[in-house]
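This report goes through selected backbone, sheet, helix and ligand features of one structure. The sequence and the structure are shown first.

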Amino acid sequence: MRLWTKYTLKKGLSKKFQQKKHATFEDFEKAMGGYESNEYYSNIRVFFDRYFDERKKIWDNFLNKNLNKNQTILSLATGRGINELKLINEKFNITCSDLKVPECFNASKNIFGDFKYIEKNILQSSSEVKYDCIMVFSLIHIFSSEELKVFFNNVSDSLNEKGSLLLDFGGAEDNLYSFFYHDFYLKIEAVLIQFFGKLFKNPYDIITRHHGYRHKNNEIFEIAKLNGFKLVTFEQNDHKTEFERSKIISLLIKKIPFIRYFFYFLGKKLPFLRMAKFEKIANV
Ligand SMILES: C[S@@+](CC[C@H](N)C(=O)[O-])C[C@H]1O[C@@H](n2cnc3c(N)ncnc32)[C@H](O)[C@@H]1O
C-alpha cells in the first residue's frame, strides 16, 4: 500500500495549500461534481448521453459478462449510479447504496421507475439482508490495508453462500511506474508550472490532497483470500486516464497527436481500471 497524493493547479497567488482526505458523504459528493438532479434527468437518452462515458462503458461490459438477472445484487458506493441505472433499465435486480441517499434518487426513479437506494457504510457493518452478488466500483482506493480487511470481511458477511463480488480497484496499481509518475513526475510538473506561471505573470496555486492509497494487485488478492474469497477473473483496461492528469503530456498529445501512441504504450504499465470477480468459497 502506498499513500496516493494528488497535486492540482488552480489560478491563484503562487501559494501552496494542503487539503484533507475526503471523509464525509458531502466531501465525496463534491469531488464527484455533485449528486443533484439536473436537466439531464429529462429522459433516459439524455441521461446516458451525458453520463455514460468511456469508463462506464468498460465497466458495463465487465458487469454484463459477470451478472445475471436472477441474482439479488447490492451496489456499494453507488453515488449517482450510472452503471446501476443502466442495469436497472435492463431489468437486473439491484439495490443501490451509499453513505447517504443522494438528492438525484427521486429524479432517477422518475425516469427509470421504482428501485431501492439505502444508506450503507461498509466499514461500519455488514448488510442484514444477504445478496447473491455485491458490486463495488471506485471505492477501495479510499481504504488503507487495515480498512480493506474490514471491507472484505463485511462484504463476505453480506453475501449468500457462493455469492460473488465484482470489484473495481479504483485506479492504478502501486508499482514502480505509478510511484515514479505520481510521486515524482506529477509533483515536479506542478512545481515547474507554478514557477514559470509566476515568471510570466500567470500565477498558480498548488493544492496537495491525500486522495487515498494505491494497492498492489497481490495485496488485494491476498486480503480477499484471507476473507474466504477465490479470484475468478481479473481484467485491466484504460491506458489513458493516468496521463490525462498531466498538463504537459495532455498538451503534447494535443499538439503532436501521434505521440499519444507512445503514452498509451507506457500506460499499459499503469492501467486505471482493474476489475476482478471473486467468489465466496468459505465463511471466515
Ligand atoms: C469515487 S465515488 C464513486 C461513486 C460511483 N461508484 C462511481 O464510480 O461513479 C466514491 C463513493 O463512495 C462512497 N463511500 C465512501 N466511503 C464509503 C464507505 N465506507 N462505505 C460505502 N460507501 C462509501 C462515497 O460517498 C462516494 O459516493
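## Residues with positive phi

Asp238 sits in the loop that links strand E9 to helix H9 (241–244). In this predicted model, its phi is positive, about 70°, although Asp238 is not a glycine. Asp238 has 16 C-beta neighbours inside 10 Å and therefore counts as partly exposed, since that class lies between the limits of 12 or fewer for exposed and 20 or more for buried.

Lys162 is another non-glycine residue with a positive phi, here near 60°. Lys162 is placed within a strand, E7. Is Lys162 buried or exposed? With 9 other C-beta atoms within 10 Å, Lys162 is exposed.

## The seven-stranded sheet

Seven strands make up an open sheet with mixed pairing, in the order E5-E4-E3-E6-E7-E10-E9. Its edges are strand E5 (116–119) and strand E9, each of which pairs on one side only. Direction ignored, neighbouring strands of this sheet are turned by 20° against each other on average. Strands of a sheet pair through backbone hydrogen bonds, in either a parallel or an antiparallel sense.

In the strand order, E10 stands between E7 and E9. Strand E7 (residues 159–168) runs antiparallel to E10, and five bridges join the two. One bridge pairs Asp168 with Met275 of E10. On the other side, strand E9 (residues 229–237) is also antiparallel to E10, with eight bridges between them. Among the bridge partners here are Phe229 with Lys280 and Glu235 with Met275. Met275 of E10 is thus a bridge partner of both Asp168 and Glu235.

How many of the eight residues of strand E10 are buried? Seven are, so E10 (residues 273–280) is largely enclosed by the rest of the structure. In a regular strand, side chains alternate between the two faces of the sheet.

## The three-stranded sheet

A second open sheet has three strands in the order E1-E8-E2, again with mixed pairing. Strand E1 (2–11) and strand E2 (16–19) are the edge strands, each pairing on one side only. From one strand to the next, the twist averages 25°.

Strand E8 (residues 204–214) lies between E1 and E2 in the order. E8 and E2 pair in the parallel sense over four bridges. Within this pairing, Phe17 has Ile207 of E8 as its bridge partner.

## Helix crossing

Helix H3 (residues 54–66) and helix H4 (residues 82–89) have axes that come within 10 Å and cross at roughly 45°. That angle makes H3 oblique to H4, because it falls neither under 35 degrees nor in the range from 65 to 115. The crossing of H3 past H4 is right-handed.

## Ligand surroundings

The ligand is surrounded by 17 residues. Which of these residues are the closest? They are Phe28, Ala77, Gly79, Ile122 and Ser138.

By residue type, the shell around the ligand divides into 11 nonpolar, four polar and two charged residues. Among the closest residues, Phe28, Ala77 and Ile122 count as nonpolar, whereas Gly79 and Ser138 count as polar.

Terms used
Residues numbered from 1 in each chain as written. Predicted model: local features only at pLDDT ≥ 70, side-chain atom pairs only at ≥ 80, totals over all residues. Pairing = 2+ DSSP bridges. Near = placed C-beta within 6 Å. Axes fitted to C-alpha atoms, helices over the stretch in contact; angles between N-to-C directions. Parallel < 35°, antiparallel > 145°, perpendicular 65-115°, else oblique. Left-handed = near helix turned anticlockwise from the far one by under 90°.
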